[in-house]
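I set out to record what can be looked up in this structure, one topic to an entry. The order of the entries follows the order in which I looked.

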Amino acid sequence: MRSYKAKMVEPIRLPSRETRARNLEAAGYNVFNLASRDVYVDLLTDSGTGTMSDAQWAAMIRGDEAYAGSRSFERLQQSVEDVMGFSRVIPTHQGRGAENVLYGTLLEEGEIALNNTHFDTTRAHVAHQGAQAVDCPVDAPWDGDAGDFAGNFDVEKARAVVEEHGPDTVPVVILTITNNSAAGQPVSMQNIRETAVFADEIDATFVIDACRFAENAHFIKSREPEYADTPLADIAREQFELADACTMSGKKDALVNIGGFVGVRDPDLFAACKQRAILYEGFTTYGGLAGRDLEAMAVGLREAVDPPYVAERVEQVATLGELLTDAGIPIVRPTGGHAVYIDAAALLPHIPSEAFPGQRLVVELYREGGVRAVELGSFAFPGAEHPEFVRLAIPRRTYWREHLEHVAETAARVAEQADEYVGLEIVSEPPIPELRHFSAELRPVE
């Protein structure tokens, strides 16, 4: 049952197949280069693409646009403290701004950051500091039932890294909830505790990448028996109790189109982060945002832990998963909280990893039905051991079942023609390999 209704709509259209084919060629077979007007159902990302509530829009009217000491910042700070438990807050223009502020302060050249799985911008920020991003995911059977908490951090893998390189080389341990690169799978509360203990043992700063903290709390409530009767908001806050800091993209579980923040406990780290934020984001009570953006995020954080909203959000993702499964499309199961992940290697087994089967699938989803998805495999993560995923990320409070049915029907038509597709090769790419999927251009292999 939906917990909201529409007050505003945006017309969308499906361009002709001929137009879509021309668009792909002009875009260098990279859907990041497509114009949004040429996309029918846009599942490229759930970051900043959702629909805000009437309460958020109303709050924007009272935005205090003062350069320093904004009342809007005070309201955001109070929301972060109430929902997540951090009283020291630095706003940023979005999540990667928060990563720049925190990891630019914590990491130096030659050091190591451990994570259950780094996402693209996190990995890039670590590399930008001259440090190494090391993933420590639990082993999960992506071609079968991945289990209840396949997003967990593998502490034993992390210990092996520390034993090899020494604890002094690992100043940061990160836990991404939910684990976006690992098919959006959740992290258990028990694993959060275990990871916090490990970080304390090696005297590392324990950071939670909190982008989808509310969705993760929903899975803890539904899958960890001891939390079955615990209010969702209490679970959401408890996730952060053992963390030293957090980075947050408000464009996910703060339900806004722009914004993010860093939350820290240590006053010395807070002071250092503020200086870096002033350099890159602006003064520390606006962080590159208008006061109205701070107001919307303050309201959205509270809305994100409303049980009916989160339940409907996760149910919509599960519905898309069921539609794709019924159409014979191989996906990671159970589905996560924000997206469905297609196993492109299973759907296109004749295309080798070096020819980017996931990106080929992304291209054909657009050609066949105007659906924009994103590849999270050998194209997005060069040099890393990573499954050949295609992510279908659902914007919050935006699409309806009819749109999801169109996506599933499109995927089914693509699957029927799978044997006809060839791989892709890169024609041009940027100098930062961790970010190449945003702007590289490709062409079909001859």
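Entry 1. Largest pocket.
I began with the largest pocket and found that about 1,100 Å³ of space lies in it. I note at the outset that the model is a predicted one. I counted 29 lining residues for this pocket, and those nearest its centre are Met8, Glu10, Thr51, Arg397 and Thr398. I then sorted the lining by class, which gave 13 nonpolar, eight polar and eight charged residues.

Entry 2. Second largest pocket.
I next looked up the second largest pocket, which holds about 530 Å³ of space. Its lining is made of 32 residues, with Thr45, Ser47, Arg96, Phe119 and Lys252 nearest the centre. I asked which elements give two or more residues to this lining, and they are helix 4 (95-106), helix 5 (120-128), strand 7 (245-249) and strand 11 (374-376). By class I recorded nine nonpolar, 13 polar and 10 charged residues in the lining of the second largest pocket.

Entry 3. Helix 5.
Since helix 5 appeared in that lining, I looked at its surroundings. Is helix 5 largely enclosed or not? I found that seven of its nine residues are buried, so the rest of the structure largely encloses helix 5. The buried residues are Asp120, Thr121, Thr122, Arg123, Ala124, His125 and Val126. Among the elements that cover them I listed helix 4, strand 3 (112-115), strand 4 (132-135), strand 5 (172-176) and strand 6 (205-209). I also noted Gly130, just after helix 5, which takes a positive phi of about 80 degrees.

Entry 4. Nonpolar cores.
I turned to the nonpolar residues, with a general point in mind: in soluble globular proteins, nonpolar side chains tend to be buried together. The largest nonpolar core here has 62 residues, and I noted Met84, Leu114, Phe213 and Leu301 as those with the most contacts inside it. Helix 11 (residues 291-304) gives the largest share of this core, six residues. I looked up the contacts of Met84, leaving aside residues up to four places away in sequence, and found Ser79, Ala210, Arg237, Phe240, Cys246, Met248, Phe261 and Leu301. I also recorded a second, separate core of 61 residues, which includes Tyr366, Val371, Ala373 and Ala393.

Entry 5. Val305.
I picked out Val305, which lies in the loop between helix 11 and helix 12 (307-326). Is Val305 buried or exposed? I read a relative accessibility of 11%, so Val305 counts as buried, the cut-off being under 20%. Beyond residues up to four places away in sequence, Val305 touches Val83, Phe213, Ala214, Leu232, Ala233, Ala236 and Val310. For one of these contacts, Ala233, I noted the separation: 72 residues in sequence, yet 5.4 Å in space from C-alpha to C-alpha.

Entry 6. Salt bridges.
I found 28 salt bridges in the structure. The first I wrote down joins the side chains of Glu295 and Arg62, at 3.1 Å from N to O. Glu295 lies in helix 11 and Arg62 in the loop between helix 2 (54-60) and helix 3 (71-84), so this pair ties together parts that are 233 residues apart in sequence. I recorded Glu295 as buried at 1% relative accessibility, whereas Arg62 is partly exposed at 47%.

I then looked up Arg396, which forms a salt bridge with Asp253, the closest N and O atoms being 3.3 Å apart. Arg396 lies in the loop between strand 12 (389-393) and helix 15 (401-416), and Asp253 in the loop between strand 7 and strand 8 (260-264), so the pair ties together parts that are 143 residues apart in sequence. I noted that Arg396 is buried, with a relative accessible area of 3%, and that Asp253 is buried too, with 0%.

The next pair I recorded is Glu429 and Arg436, whose side chains meet at 3.7 Å from N to O. Here Glu429 counts as partly exposed at 44% relative accessibility, while Arg436 is buried at 10%. Lastly, I asked which residues are joined into one network by salt bridges that share partners. I found Asp46, Arg212, Glu215, Asp253, Arg313 and Arg396 in that network.

Technical notes: Residues are numbered from 1 along each chain as its sequence is written. This is a predicted model: local features need pLDDT of at least 70, side-chain atom pairs count only at pLDDT 80 or more; totals for chains, interfaces and linings use all residues. Side-chain values use heavy atoms; hydrogens and water are left out. A nonpolar core is a set of buried Ala, Val, Leu, Ile, Met, Phe, Trp, Tyr and Cys residues joined through side-chain atoms within 4.5 Å. Buried means under 20% relative accessible area, exposed over 50%, partly exposed in between (1.4 Å probe, protein chains only). Helices (H or I, at least four residues) and strands (E, at least two) are DSSP runs, numbered from the N terminus. Contact means heavy atoms within 4.5 Å. On a 1 Å grid over the protein atoms alone, a cavity is a set of points where a 1.4 Å probe fits but cannot get out, and a pocket is an open set with protein on both sides within 12 Å along at least five of seven lines; lining residues have an atom within 4 Å of a point. Grid points are joined across faces, edges and corners, and a volume is the space filled by probe spheres set on the points. Ala, Val, Leu, Ile, Met, Phe, Trp, Tyr, Cys and Pro count as nonpolar, Asp, Glu, Lys and Arg as charged, and the others, Gly among them, as polar. A salt bridge is a side-chain nitrogen of Lys or Arg within 4 Å of a carboxyl oxygen of Asp or Glu.
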